[in-house]
Amino acid sequence: MAETENRGTETIDQEQIDVTHLLAKAWKQFGKSWWLLLLLLALSVGAELGYQHFFHVDEYEAYASFSISVGSTSSGMTNYNTSVSLTRLGETFPYILESGALKTVVREKLGMSYLPVSISAKVVSDTSLFRIGVRGRDAEICTRVLDAVIENYPQVARYVIGKTTLTMLDYSGVPSSPVNGVSRRALIMRGLEIGGLVYLALLAALIVTRRTVESEEDLKRYTSLRCLATIPRTFIKRRSGKKQPKLLVNQKSVSQAFVEAVNLLRIRVLREMDRREAKVLVLTSAGELEGKSTIAANLALSCAQKGFRVLLIDGDLRHPSIAARFGLEAKRGVVDVLTGRAELEEAIQHYRNGTLDILPGSGAVKAAQVPQLLGRVEMGELIAYGRKQYDYVFIDSPPCGMMQDALMLAAHSDATVLVIRQDFLARSRILEVLDLLADTNVGILGCVINGEEGSVGSYGYGRYGYGSGYGKYGAYGKYGYGSKYTKKPG
């Protein structure tokens, strides 16, 4: 019994967590798509007002209400006969209209070839009243047709239900306002309601169908890889009249949270590389716009700040960006070295007289030439030089999920790190990239979740569990962190 109660409590707690998680996801998606809500509201209101203005046609209704009586020789039968006559009127009037008898009489009376109106008649519920209505686009024509119907209806109906007497109780006259008119306020409110409902439907569909990596828990649930760090989303304000500052850990404008997250990444990466006796690390991602180059630049700079000799290579020959991030001019670069147009020592640039050296890209290269360049013997010689002269070599590669460049670079490296932008790419695409990297037989140190929008403390030190997901990537157990990886003696 106690075990059953515990399971029930756990189920309730899980449901509460799921609801809270869904609400958090909804709020997060709203923060990203609020502009879509405004757009849908504007389009819906515009559509309502536009339809009303260009396509809506006002219709008017002229009507009259009657009490009805039926001639009888016995006063005791009057009420009964009246009730029967009312019922028969309601039942037979559509037949009278369809037969054309009444319409023909009315058309001849008004001298019209056809009636541009609709005529209706019904018994008012729980009363002895009979109502005739004429609806159309012209208020005056509606009134004329109504008058003709009132005049001729008893004569036509006599052949069906006998002699009746209609006593008029209510008469609309010429209607002054349309019966289908809608106020501007009502149109706006209806447009807002429709736009809001469409947005909520799209938001719900997005939340249900979107399968991305949102947290470290997601990472360990779907893979067996370690989350090396979660890097918080960081914004840098540009001062008036000045260039946009670079997102580097040595800039004063960068938040302390970002700096601490990069430092944590450095500690964990270097510990794993030393444990594996690795010196060359490739940083890649599954797609574009995941912040891979930013992570590579800051990891290299953070290591250099601690006294390590680091070579950062811009391996994205198609879209080189490392030099610009450090404010350097790429006169010579990787391509020049690989093609023999420049010596490696000439192409390498020293950053601020520190221990960080950068081998930049040297202009975009045509896609067809990239595999040939990366497959040259000189590429292996370049990496060998880095192994000999530096403590660590970091390579910023193109997205692995889009081209083979990263896999070719990984063949020259000792380990790889996958940068994953939070809640950005589908999990299936990330898992495909992990499969590709695993096939290179190069160790995958783990993943970096970039652009994290949760609490600052989420990247702090702690213990990590690993799910069963992709078991071939291995599990690393528990990690400790020593001072050895925070500073290297000069």
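Reader: Why does Lys292 count as buried?

Author: In this predicted model, Lys292 has a relative accessibility of 7%. Buried means under 20%, so Lys292 counts as buried.

Reader: What makes the pair of Lys292 and Asp396 a salt bridge?

Author: The closest N and O atoms of Lys292 and Asp396 are 2.9 Å apart. The criterion is a side-chain nitrogen of Lys or Arg within 4 Å of a carboxyl oxygen of Asp or Glu, and the pair therefore qualifies as a salt bridge. Lys292 belongs to helix H8 (residues 292-305) and Asp396 to strand S10 (residues 392-396), so that distant parts of the chain, 104 residues apart, are linked.

Reader: Is Asp396 buried or exposed?

Author: Asp396 has 0% relative accessibility and counts as buried.

Reader: How do you know that Glu48 and Arg190 are in a salt bridge, and why is Arg190 called partly exposed?

Author: Their side chains meet at 2.9 Å, N to O, which is within the 4 Å limit. Arg190 has a relative accessible area of 38%; partly exposed lies between under 20% and over 50%, so the term applies to Arg190. Glu48, at 15%, counts as buried.

Reader: What does the salt bridge between Asp414 and Arg387 tie together?

Author: The closest N and O atoms of this pair are 2.7 Å apart. Asp414 lies in the loop between helix H14 (405-410) and strand S11 (415-421), and Arg387 in helix H13 (residues 377-389), so the salt bridge ties together parts that are 27 residues apart in sequence. Asp414, at 25%, is partly exposed, as is Arg387, at 28%.

Key. Residues numbered from 1 in each chain as written. Predicted model: local features only at pLDDT ≥ 70, side-chain atom pairs only at ≥ 80, totals over all residues. Heavy atoms only, no water. Buried < 20%, exposed > 50% of the residue type's maximum accessible area, 1.4 Å probe, protein only. Helix = DSSP H or I, 4+ residues; strand = E, 2+ residues; numbered from the N terminus.
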